Amino acid sequence: MSQQKFASNVVEKCLTFGTPEERQILVTEMLGTTDENEPLQVMMKDQFANYVVQKVLETCDDQQLELILNRIKVHLNALKKYTYGKNIVARVEKLVAAGGFH
């Protein structure tokens with residue numbers, strides 16, 4: 001749903017106003033069940049879904065943030081080649097600089 005313009009706005013609102021449990025469900029869904037079939041990879045490069053990933057980075061708890069950052073860092077160099085991936089790279093670098101995440 002995050003790959004459609006208005007649906008991505010709805011998912012962002014769910015992340016902003018949802019309960020921690022609801023956010024956990026969305027994060028789990030984004031991370032997928034295997035590395036090869038990881039929705040997060042597709043979302044980071046997508047015109048609309050990249051905003052959902054950025055919102056997750058803003059709204060998730062520290063444990064989720066560490067998990068997501070670890071998954072994203074693997075793809076950082078590849079993301080720099082994508083127009084929308086660059087937004088994620090900038091956000092991750094900012095978070096790492098501010099929060100001391102490695």
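**Exercise 1. Helices H1 and H4**

In this predicted model, H1 and H4 are roughly parallel to each other. Derive that description from the packing geometry, and then state which residues make the contact and how they divide by class.

*Solution.* Begin with the geometry: the two helices pack at an angle of about 5°, and their axes are 9 Å apart. Because angles under 35 degrees count as roughly parallel, the description follows for H1 and H4. Next, list the residues on each side: H1 contributes Ser8, Val11, Glu12, Leu15 and Thr16, while H4 contributes Tyr51, Val52, Lys55, Val56 and Thr59. Finally, sort the residues of this contact by class, which gives 5 nonpolar, 3 polar and 2 charged.

**Exercise 2. Helices H4 and H5**

Determine how H4 is oriented against H5, in which hand the helices cross, and what kinds of residue form their contact.

*Solution.* Helix H4 spans residues 49-59 and helix H5 spans residues 62-73; they pack at an angle of about 140°, with 9 Å between their axes. That angle makes H4 oblique to H5, because the class of roughly antiparallel is kept for angles over 145 degrees. As for the hand, the crossing in which H4 passes H5 is left-handed. The residues that meet are Val53, Val56 and Leu57 from H4 and Leu65, Ile68, Leu69 and Ile72 from H5. Sorted by class, the contact of H4 with H5 has 7 nonpolar residues, with no polar and no charged ones.

**Exercise 3. Burial along H4**

Establish how many of the residues of H4 are buried, and which helices the buried ones pack against.

*Solution.* First count: 9 of the 11 residues of H4 are buried, so that the helix is mostly covered, since buried means under 20% relative accessible area. Then name the buried residues, which are Ala49, Asn50, Val52, Val53, Gln54, Lys55, Val56, Leu57 and Thr59. The partners of these buried residues are found in H1, H2, H3, H5 and H7.

**Exercise 4. Val56 and its surroundings**

Is Val56 buried or exposed, and which residues beyond its neighbours within four places in sequence does Val56 contact?

*Solution.* Val56 belongs to helix H4, and its relative accessible area of 1% means that Val56 is buried. Leaving aside neighbours within four places in sequence, Val56 is in contact with Leu15, Val27, Met30 and Ile68. A further position to compare is Ile72, which is 16 residues from Val56 in sequence and 12 Å from Val56 in space, C-alpha to C-alpha.

**Exercise 5. The largest nonpolar core**

Identify the residues that touch the most other members of the largest nonpolar core, and the helix that gives the most residues to this core.

*Solution.* The core has 23 residues, of which Leu40, Val53, Ile68 and Ile72 touch the most other members. Two or more residues come from each of helix H1 (5-17), helix H2 (20-31), helix H3 (39-45), H4, H5, helix H6 (76-79) and helix H7 (85-99). Among these elements, H4 gives the most, with 5 residues. To follow one member outward, take Ile68: with its neighbours within four places in sequence left aside, Ile68 is in contact with Val27, Leu31, Leu40, Val56, Leu57 and Cys60.

**Exercise 6. Pro39**

Classify Pro39 by accessibility and name its contacts beyond four places in sequence.

*Solution.* Pro39 lies in helix H3, and at 30% relative accessibility Pro39 counts as partly exposed. Not counting residues up to four places away in sequence, Pro39 touches Glu29, Met30, Leu31 and Gly32.

Definitions and conventions:
Residues numbered from 1 in each chain as written. Predicted model: local features only at pLDDT ≥ 70, side-chain atom pairs only at ≥ 80, totals over all residues. Heavy atoms only, no water. Axes fitted to C-alpha atoms, helices over the stretch in contact; angles between N-to-C directions. Helix = DSSP H or I, 4+ residues; strand = E, 2+ residues; numbered from the N terminus. Parallel < 35°, antiparallel > 145°, perpendicular 65-115°, else oblique. Left-handed = near helix turned anticlockwise from the far one by under 90°. Contact = heavy atoms within 4.5 Å. Nonpolar A, V, L, I, M, F, W, Y, C, P; charged D, E, K, R; others polar. Core = buried A, V, L, I, M, F, W, Y, C linked by side-chain atoms within 4.5 Å. Buried < 20%, exposed > 50% of the residue type's maximum accessible area, 1.4 Å probe, protein only.
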